[in-house]
Amino acid sequence: MAKGVKMAGLMNEAISQLLVLQDRDSKATRLEAELESIDPEREKTRRESLQAQQVLEQAKQAQMQLEVRRKDLENEVESKKEQIRKYSQQQLETKKNEEYQALAREIEHVRKAISELEDQELELMEEQEAFKAKLAEASQVVDAAKASEAKLLSELDEREKNLGTELDELDEERETLAEAIDEKTLTHYERLLDTKGGRVVVGIDHGSCGGCHMKLQAQEIVNAKSGRERVACTNCGRLLYYTREMILANELED
Ligand SMILES: [Zn+2]
(Lines give C-alpha, C1' and ligand atoms only; values in the text may rest on other atoms or scores of the structure.)
Protein backbone atom coordinates (compact mmCIF):
# COMPACT_ATOMS: atom_id res chain seq x y z
CA MET A 1 0.00 0.00 0.00
CA ALA A 2 1.32 3.43 -0.89
CA LYS A 3 2.47 5.35 2.16
CA GLY A 4 0.92 8.66 1.10
CA VAL A 5 -2.55 7.20 1.33
CA LYS A 6 -2.07 6.23 4.96
CA MET A 7 -0.83 9.70 5.87
CA ALA A 8 -3.89 11.35 4.48
CA GLY A 9 -6.17 10.94 7.43
CA LEU A 10 -9.00 13.05 6.15
CA MET A 11 -8.92 11.78 2.62
CA ASN A 12 -12.18 10.74 1.10
CA GLU A 13 -12.29 6.95 1.11
CA ALA A 14 -13.28 6.63 -2.53
CA ILE A 15 -10.39 8.89 -3.46
CA SER A 16 -7.84 6.85 -1.54
CA GLN A 17 -9.18 3.68 -3.15
CA LEU A 18 -8.93 5.32 -6.56
CA LEU A 19 -5.37 6.42 -5.87
CA VAL A 20 -4.35 2.81 -5.32
CA LEU A 21 -6.27 1.78 -8.43
CA GLN A 22 -4.63 4.56 -10.43
CA ASP A 23 -1.23 3.42 -9.21
CA ARG A 24 -1.93 -0.14 -10.41
CA ASP A 25 -3.37 1.11 -13.70
CA SER A 26 -0.35 3.23 -14.47
CA LYS A 27 1.92 0.33 -13.57
CA ALA A 28 -0.06 -1.89 -15.96
CA THR A 29 0.28 0.74 -18.70
CA ARG A 30 4.04 0.79 -18.20
CA LEU A 31 4.28 -2.98 -18.30
CA GLU A 32 2.15 -3.14 -21.45
CA ALA A 33 4.41 -0.60 -23.17
CA GLU A 34 7.41 -2.68 -22.17
CA LEU A 35 5.70 -5.78 -23.51
CA GLU A 36 5.06 -4.06 -26.83
CA SER A 37 8.72 -3.10 -27.15
CA ILE A 38 9.80 -6.74 -27.08
CA ASP A 39 8.87 -7.68 -30.65
CA PRO A 40 10.71 -4.73 -32.22
CA GLU A 41 13.76 -5.70 -30.16
CA ARG A 42 13.50 -9.24 -31.48
CA GLU A 43 13.31 -7.92 -35.03
CA LYS A 44 16.33 -5.69 -34.46
CA THR A 45 18.64 -8.44 -33.28
CA ARG A 46 17.44 -10.75 -36.07
CA ARG A 47 18.13 -8.03 -38.61
CA GLU A 48 21.64 -7.43 -37.26
CA SER A 49 22.45 -11.11 -37.42
CA LEU A 50 21.08 -11.34 -40.95
CA GLN A 51 23.14 -8.35 -42.09
CA ALA A 52 26.33 -9.93 -40.78
CA GLN A 53 25.36 -13.09 -42.64
CA GLN A 54 24.88 -11.13 -45.87
CA VAL A 55 28.30 -9.48 -45.55
CA LEU A 56 29.84 -12.93 -45.17
CA GLU A 57 27.93 -14.27 -48.18
CA GLN A 58 29.12 -11.37 -50.32
CA ALA A 59 32.72 -11.98 -49.25
CA LYS A 60 32.35 -15.66 -50.14
CA GLN A 61 30.95 -14.75 -53.57
CA ALA A 62 33.82 -12.37 -54.23
CA GLN A 63 36.30 -15.07 -53.18
CA MET A 64 34.66 -17.50 -55.59
CA GLN A 65 34.88 -15.02 -58.45
CA LEU A 66 38.59 -14.59 -57.80
CA GLU A 67 38.98 -18.36 -57.93
CA VAL A 68 37.08 -18.56 -61.23
CA ARG A 69 39.32 -15.88 -62.75
CA ARG A 70 42.43 -17.70 -61.54
CA LYS A 71 41.21 -20.99 -63.05
CA ASP A 72 40.55 -19.24 -66.37
CA LEU A 73 44.10 -17.92 -66.41
CA GLU A 74 45.41 -21.37 -65.57
CA ASN A 75 43.51 -22.88 -68.52
CA GLU A 76 44.75 -20.18 -70.82
CA VAL A 77 48.34 -20.90 -69.79
CA GLU A 78 47.77 -24.61 -70.40
CA SER A 79 46.42 -24.07 -73.90
CA LYS A 80 49.34 -21.77 -74.70
CA LYS A 81 51.78 -24.43 -73.50
CA GLU A 82 50.03 -26.89 -75.77
CA GLN A 83 50.54 -24.44 -78.62
CA ILE A 84 54.26 -24.32 -77.88
CA ARG A 85 54.39 -28.11 -77.96
CA LYS A 86 52.72 -28.08 -81.37
CA TYR A 87 55.13 -25.45 -82.74
CA SER A 88 58.09 -27.42 -81.37
CA GLN A 89 56.81 -30.53 -83.08
CA GLN A 90 56.40 -28.62 -86.35
CA GLN A 91 59.97 -27.35 -85.94
CA LEU A 92 61.20 -30.93 -85.74
CA GLU A 93 59.22 -31.86 -88.82
CA THR A 94 60.20 -28.96 -91.08
CA LYS A 95 63.19 -28.98 -93.33
CA LYS A 96 62.97 -25.31 -94.29
CA ASN A 97 65.10 -23.01 -92.25
CA GLU A 98 62.81 -20.05 -92.86
CA GLU A 99 59.79 -21.93 -91.50
CA TYR A 100 61.85 -23.10 -88.55
CA GLN A 101 62.76 -19.50 -87.67
CA ALA A 102 59.17 -18.36 -88.01
CA LEU A 103 58.05 -21.06 -85.60
CA ALA A 104 60.80 -20.04 -83.18
CA ARG A 105 59.46 -16.48 -83.22
CA GLU A 106 55.94 -17.78 -82.64
CA ILE A 107 57.16 -19.83 -79.70
CA GLU A 108 58.93 -16.82 -78.22
CA HIS A 109 55.77 -14.78 -78.67
CA VAL A 110 53.60 -17.39 -76.87
CA ARG A 111 56.14 -17.72 -74.05
CA LYS A 112 55.91 -14.01 -73.42
CA ALA A 113 52.13 -14.25 -73.31
CA ILE A 114 52.39 -17.12 -70.83
CA SER A 115 54.69 -15.10 -68.62
CA GLU A 116 52.20 -12.22 -68.59
CA LEU A 117 49.35 -14.59 -67.74
CA GLU A 118 51.38 -16.07 -64.91
CA ASP A 119 52.04 -12.61 -63.50
CA GLN A 120 48.29 -11.96 -63.48
CA GLU A 121 47.73 -15.28 -61.80
CA LEU A 122 50.21 -14.38 -59.08
CA GLU A 123 48.47 -11.06 -58.47
CA LEU A 124 45.15 -12.84 -58.17
CA MET A 125 46.58 -15.29 -55.69
CA GLU A 126 47.86 -12.42 -53.57
CA GLU A 127 44.42 -10.87 -53.73
CA GLN A 128 42.90 -14.18 -52.64
CA GLU A 129 45.33 -14.39 -49.73
CA ALA A 130 44.34 -10.90 -48.55
CA PHE A 131 40.71 -11.87 -48.92
CA LYS A 132 41.13 -14.81 -46.58
CA ALA A 133 41.60 -12.43 -43.65
CA LYS A 134 38.50 -10.53 -44.70
CA LEU A 135 36.49 -13.73 -44.87
CA ALA A 136 37.71 -14.87 -41.46
CA GLU A 137 36.73 -11.52 -39.97
CA ALA A 138 33.26 -11.61 -41.54
CA SER A 139 32.82 -15.12 -40.29
CA GLN A 140 33.74 -14.05 -36.75
CA VAL A 141 31.26 -11.19 -36.93
CA VAL A 142 28.55 -13.67 -37.95
CA ASP A 143 29.40 -16.00 -35.06
CA ALA A 144 29.29 -13.12 -32.58
CA ALA A 145 26.02 -11.79 -34.00
CA LYS A 146 24.44 -15.24 -33.85
CA ALA A 147 25.56 -15.76 -30.27
CA SER A 148 24.27 -12.38 -29.15
CA GLU A 149 21.03 -12.95 -31.06
CA ALA A 150 20.46 -16.26 -29.29
CA LYS A 151 21.25 -14.73 -25.90
CA LEU A 152 19.05 -11.70 -26.43
CA LEU A 153 16.16 -13.75 -27.81
CA SER A 154 16.16 -15.99 -24.77
CA GLU A 155 16.33 -12.93 -22.48
CA LEU A 156 13.41 -11.39 -24.34
CA ASP A 157 11.40 -14.59 -24.04
CA GLU A 158 12.06 -14.59 -20.31
CA ARG A 159 11.13 -10.91 -19.96
CA GLU A 160 7.97 -11.44 -21.97
CA LYS A 161 6.97 -14.32 -19.74
CA ASN A 162 7.63 -12.32 -16.56
CA LEU A 163 5.74 -9.29 -17.84
CA GLY A 164 2.79 -11.51 -18.73
CA THR A 165 2.74 -12.94 -15.21
CA GLU A 166 3.03 -9.50 -13.61
CA LEU A 167 0.22 -8.19 -15.77
CA ASP A 168 -2.01 -11.13 -14.88
CA GLU A 169 -1.36 -10.48 -11.20
CA LEU A 170 -2.08 -6.79 -11.66
CA ASP A 171 -5.30 -7.63 -13.49
CA GLU A 172 -6.47 -9.77 -10.60
CA GLU A 173 -5.49 -7.15 -8.04
CA ARG A 174 -7.26 -4.48 -10.04
CA GLU A 175 -10.42 -6.51 -10.18
CA THR A 176 -10.46 -6.87 -6.40
CA LEU A 177 -9.74 -3.17 -5.92
CA ALA A 178 -12.41 -2.13 -8.41
CA GLU A 179 -15.03 -4.32 -6.73
CA ALA A 180 -14.58 -2.40 -3.49
CA ILE A 181 -15.22 0.98 -5.15
CA ASP A 182 -18.77 2.21 -5.67
CA GLU A 183 -19.92 1.98 -9.24
CA LYS A 184 -20.52 5.67 -9.87
CA THR A 185 -17.06 6.66 -8.68
CA LEU A 186 -15.47 3.88 -10.71
CA THR A 187 -17.37 4.87 -13.85
CA HIS A 188 -16.30 8.50 -13.38
CA TYR A 189 -12.69 7.40 -12.94
CA GLU A 190 -12.70 5.13 -15.97
CA ARG A 191 -14.33 7.72 -18.20
CA LEU A 192 -11.64 10.20 -17.17
CA LEU A 193 -8.96 7.61 -17.81
CA ASP A 194 -10.21 7.22 -21.38
CA THR A 195 -10.16 10.93 -22.11
CA LYS A 196 -7.24 12.21 -20.02
CA GLY A 197 -4.82 9.31 -20.11
CA GLY A 198 -2.90 8.25 -17.00
CA ARG A 199 -3.29 10.81 -14.19
CA VAL A 200 -6.90 11.53 -13.30
CA VAL A 201 -6.91 11.51 -9.49
CA VAL A 202 -4.78 14.53 -8.66
CA GLY A 203 -3.72 16.52 -5.66
CA ILE A 204 -4.48 20.17 -5.05
CA ASP A 205 -1.30 22.05 -5.79
CA HIS A 206 -1.06 25.55 -4.21
CA GLY A 207 -4.80 26.01 -4.53
CA SER A 208 -4.90 24.76 -8.13
CA CYS A 209 -5.97 21.53 -9.77
CA GLY A 210 -2.91 19.27 -10.01
CA GLY A 211 -4.06 18.15 -13.46
CA CYS A 212 -5.07 21.28 -15.41
CA HIS A 213 -3.58 23.86 -12.98
CA MET A 214 -6.77 25.91 -12.92
CA LYS A 215 -7.21 27.93 -9.70
CA LEU A 216 -9.85 26.24 -7.54
CA GLN A 217 -12.75 27.80 -5.67
CA ALA A 218 -12.14 28.12 -1.92
CA GLN A 219 -15.18 25.93 -1.31
CA GLU A 220 -13.80 23.13 -3.50
CA ILE A 221 -10.60 23.13 -1.47
CA VAL A 222 -12.55 23.08 1.77
CA ASN A 223 -14.64 20.17 0.49
CA ALA A 224 -11.59 18.22 -0.57
CA LYS A 225 -9.91 18.99 2.75
CA SER A 226 -12.86 17.71 4.74
CA GLY A 227 -12.80 14.42 2.86
CA ARG A 228 -16.56 14.13 3.25
CA GLU A 229 -17.33 14.10 -0.42
CA ARG A 230 -15.79 13.34 -3.75
CA VAL A 231 -14.57 16.58 -5.36
CA ALA A 232 -14.01 16.98 -9.08
CA CYS A 233 -12.28 19.94 -10.77
CA THR A 234 -14.94 22.06 -12.44
CA ASN A 235 -12.59 22.75 -15.33
CA CYS A 236 -11.17 19.33 -16.29
CA GLY A 237 -13.29 16.94 -14.24
CA ARG A 238 -10.30 15.25 -12.58
CA LEU A 239 -10.90 13.97 -9.07
CA LEU A 240 -9.20 16.06 -6.42
CA TYR A 241 -7.70 15.22 -3.07
CA TYR A 242 -6.06 17.26 -0.41
CA THR A 243 -3.27 16.19 1.89
CA ARG A 244 -1.38 18.33 4.35
CA GLU A 245 1.85 16.94 2.94
CA MET A 246 0.69 17.78 -0.55
CA ILE A 247 1.70 14.42 -1.90
CA LEU A 248 0.71 14.15 -5.49
CA ALA A 249 -0.59 10.99 -7.04
CA ASN A 250 2.57 10.31 -9.03
CA GLU A 251 4.65 10.31 -5.84
CA LEU A 252 2.61 7.52 -4.35
CA GLU A 253 4.24 4.85 -6.43
CA ASP A 254 6.43 2.59 -4.37
ZN1 LIG B 1 -8.56 20.43 -13.38
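Helices (H or I, at least four residues) and strands (E, at least two) are DSSP runs, numbered from the N terminus. The model is predicted, so local features need pLDDT of at least 70 and side-chain atom pairs count only at pLDDT 80 or more, while totals for chains, interfaces and linings use all residues. Residues are numbered from 1 along each chain as its sequence is written, and side-chain values use heavy atoms, with hydrogens and water left out.

**View 1. The whole chain, stretched well past a compact globule.** Start with the overall picture: there are 6 helices and 4 strands. Reading from the N terminus, the order is α-α-α-α-α-β-β-α-β-β. The C-alpha trace spans about 130 × 35 × 25 Å along its principal axes. The radius of gyration of the chain is 41 Å, whereas a compact globule of 254 residues would come in near 18 Å. (That radius is taken over C-alpha atoms, and the globule rule is 2.2 Å times the number of residues to the power 0.38.) Of the 254 residues, 36% are buried; buried means under 20% relative accessible area, exposed means over 50%, and partly exposed is in between (1.4 Å probe, protein chains only).

**View 2. The salt bridge between Arg-24 and Glu-173.** A salt bridge here is a side-chain nitrogen of Lys or Arg within 4 Å of a carboxyl oxygen of Asp or Glu, and the structure holds 17 of them. In this one, the N to O distance is 2.8 Å. Arg-24 belongs to helix H2 and Glu-173 to helix H4, so the pair links parts of the chain 149 residues apart. Is Arg-24 buried or exposed? With a relative accessible area of 13%, Arg-24 is buried, while Glu-173 is partly exposed at 32%.

**View 3. Arg-42 and its acidic partners Asp-157 and Glu-160.** Zoom in on Arg-42 and you'll find a salt bridge to Asp-157, with the closest N and O atoms 2.9 Å apart. Arg-42 sits in helix H3 and Asp-157 in helix H4, so this pair ties together parts that are 115 residues apart in sequence. Arg-42 also meets the side chain of Glu-160 in a salt bridge, again at 2.9 Å, N to O. Glu-160 is in helix H4 too, and this second pair spans 118 residues. Arg-42 itself is buried, with just 9% relative accessible area. As for the acids, Asp-157 is partly exposed at 41%, and Glu-160 is partly exposed at 31%.

**View 4. A salt-bridge network, plus a look at Ala-62.** Which residues are linked in a network of salt bridges? They are Glu-67, Arg-70, Lys-71, Glu-74 and Glu-121. Now turn to Ala-62, which lies in helix H3 (residues 38-93) and is partly exposed, with a relative accessible area of 23%. Ala-62 and Gln-128 are 66 residues apart along the chain, and their C-alpha atoms are separated by 9.4 Å.

**View 5. A negative patch on the surface.** The patch is formed by Glu-32, Glu-34, Glu-36, Glu-166, Asp-168, Glu-169, Asp-171, Glu-172, Glu-175 and Glu-179. Patches are made of residues with over 30% relative accessible area and no salt bridge; like charges are joined within 9 Å, and nonpolar side chains (Val, Leu, Ile, Met, Phe, Trp, Tyr) within 5 Å. Helix H2 (13-36) and helix H4 (97-180) each supply at least two of the patch residues, and H4 gives the largest share, 7 residues. One of the members, Glu-166, has its place in helix H4 and is partly exposed at 34%.

**View 6. Loop residues Gly-197, His-206 and His-213.** Gly-197 is in the loop between helix H5 (183-196) and strand E1 (201-205), and counts as partly exposed at 32% relative accessibility. Its C-alpha atom is separated by 22 Å from that of Gly-164, 33 residues away along the chain. Most residues other than glycine have a negative phi. His-206 has a positive value, near 50°; this residue lies in the loop between E1 and strand E2 (208-209) and is exposed, at 70%. His-213 has a positive phi as well, about 65°. You'll find His-213 in the loop between E2 and helix H6 (218-226), where it counts as exposed at 56%.

Conventions
Areas by Shrake-Rupley, 256 points an atom, 1.4 Å probe, with all protein chains shown as cover. Lys, Arg positive; Asp, Glu negative; His and termini not counted. Charge placed at Lys NZ, Arg CZ, Asp CG, Glu CD.
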